[in-house]
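Student: I have a new model open on my screen and would like to learn my way around it. Could you take me through it with some questions and answers?

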Amino acid sequence: MHIVITRPKEDSIFLIDRLKKLGHLVTHLPVIKIEKLKTEKINLKNYKAVVFTSSNAIKFLNIDKFDSKIKCYCVGKATELAARQIGFTNTYSSEGTVDSLKELIIRSFDNKSEKLLYLSSEFISKDLDVDLISEGFTVDRISNYTSSPIKEIDKYTIDLLNEKKPDVIFVYSSKSAKNLFNLINKYSLLNVVTQSNLMCISEKVL
């Protein structure tokens, strides 16, 4: 199959490698770029666990020294690797979706009165903090990065898409979906993607 991944590269490395090893043709077509947001210094001593749904939140983490053994929940293997690279040792990885991450936290974080810190994008496709709070958890959410649309697709990628139409397109956020639509229109790709299967991370994105 020809699979198109629209997520930024740092969040897609493991998935792209895995799909290629399975014999698929994979095209990386990022539709958003990531930018840092200014935040106050975070004191992780105020929390019993930290939650990441993207390695970007780790890249822009504004902290001093911290206890490496603090529970660290990650949405997937790429995010977990990024967390371990900066010093987290007590890491937990879900299966790559926010829903699987929520279930992992529910199963393994016992004391709901102890606070979790959720580091995220300014724009999220699913309100993980709200879902956890509705389950009785205490969660603070801090947005330490944002995203803006990519407005150009290189000629090589355009030629590849025209030569071999995508079988599957992965979309990870509402903002990505909107910009993908804009790029499809800009480059007259509607006939290329009409028969593609669109795989969305959540109902909201769909």
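Student: Happy to start at the surface: which residues make the nonpolar surface patch of about 270 Å²?

Tutor: Good place to begin, and keep in mind that this is a predicted model. One member of the patch, Ile13, lies in helix α1, residues 13-21. Ile13 is partly exposed, with a relative accessible area of 47%, and a residue needs over 30% to count towards a patch. The patch is made by Ile13, Phe14 and Leu81.

Student: Staying with helix α1, which residue meets Asp17 in a salt bridge?

Tutor: Side chains of opposite charge can pair when their charged atoms come close. The partner also lies in helix α1, 4 residues from Asp17, about one turn of the helix. Asp17 counts as partly exposed at 37% relative accessibility, while its partner counts as exposed at 68%. The N to O distance is 3.2 Å, and the residue that meets Asp17 is Lys21.

Student: How many salt bridges does a search of the whole structure find?

Tutor: To be counted, a side-chain nitrogen of Lys or Arg must come within 4 Å of a carboxyl oxygen of Asp or Glu. The pair Lys126 and Asp131 qualifies, with the closest N and O atoms 3.6 Å apart. For the whole structure, the search gives 8.

Student: Which residues are joined into one network by salt bridges that share partners?

Tutor: Start from the salt bridge between Lys126 and Asp131. Lys126 is partly exposed, with a relative accessible area of 26%. Following the shared partners, the network consists of Asp99, Lys126 and Asp131.

Student: How many residues apart in sequence are the parts tied together by Lys115 and Asp140?

Tutor: These two form a salt bridge whose closest N and O atoms are 2.9 Å apart. Both are partly exposed, Lys115 with a relative accessible area of 30% and Asp140 with 26%. Lys115 sits in strand β7 (residues 115-121) and Asp140 in strand β8 (residues 138-149), so the parts they tie together are separated in sequence by 25 residues.

Student: Which strands stand at the edges of the sheet of 6 strands?

Tutor: Strands of a sheet pair through backbone hydrogen bonds, either parallel or antiparallel. This open sheet runs in the order β3-β8-β7-β4-β5-β6, with mixed pairing. Neighbouring strands are turned by 25° against each other on average, direction ignored. Two strands have a single partner each, so one side of each lacks a neighbour in the sheet: β3 (32-36) and β6 (91-93).

Student: What is the bridge partner of Phe52 in β5?

Tutor: Look at strand β4 (residues 49-52) beside strand β5 (residues 71-74): they pair in the parallel sense over 4 bridges. Within β5, the bridge partner of Phe52 is Cys74.

Student: About what angle does the direction of helix α3 make with that of β6?

Tutor: Helix α3 (residues 77-85) packs on the sheet and touches β4, β5 and β6. Comparing its direction with that of β6 gives about 170°.

Student: Now the sheet of 4 strands: which are its edge strands?

Tutor: The order in this open sheet is β2-β1-β9-β10, with parallel pairing. The twist averages 20° from one strand to the next. The strands that pair on one side only are β2 (25-28) and β10 (197-200).

Student: Which residue in β10 stands opposite Ile169?

Tutor: Strand β9 (residues 168-171) and β10 pair in the parallel sense over 4 bridges. Opposite Ile169 in β10 stands Leu198.

Student: Are the residues His2, Ile3, Val4 and Ile5 of strand β1 buried or exposed?

Tutor: In a regular strand the side chains alternate between the two faces of the sheet. In β1 (residues 2-5), His2 and Val4 point one way, and Ile3 and Ile5 the other way. β1 also pairs with β2 in the parallel sense over 4 bridges, where the bridge partner of His2 is Leu25. As for these residues of β1, all are buried.

Student: One more: which residues does Asn179 touch, leaving out those up to four places away in sequence?

Tutor: Asn179 lies in helix α7, residues 174-186. Its relative accessible area is 7%, so Asn179 is buried, the limit being under 20%. The residues touched by Asn179 are Val31, Pro149 and Ile150.

Notes: Residues numbered from 1 in each chain as written. Predicted model: local features only at pLDDT ≥ 70, side-chain atom pairs only at ≥ 80, totals over all residues. Heavy atoms only, no water. Patch = residues over 30% accessible without salt bridge, like charges linked within 9 Å, V, L, I, M, F, W, Y side chains within 5 Å. Areas by Shrake-Rupley, 256 points an atom, 1.4 Å probe, with all protein chains shown as cover. Buried < 20%, exposed > 50% of the residue type's maximum accessible area, 1.4 Å probe, protein only. Contact = heavy atoms within 4.5 Å. Pairing = 2+ DSSP bridges. Axes fitted to C-alpha atoms, helices over the stretch in contact; angles between N-to-C directions.
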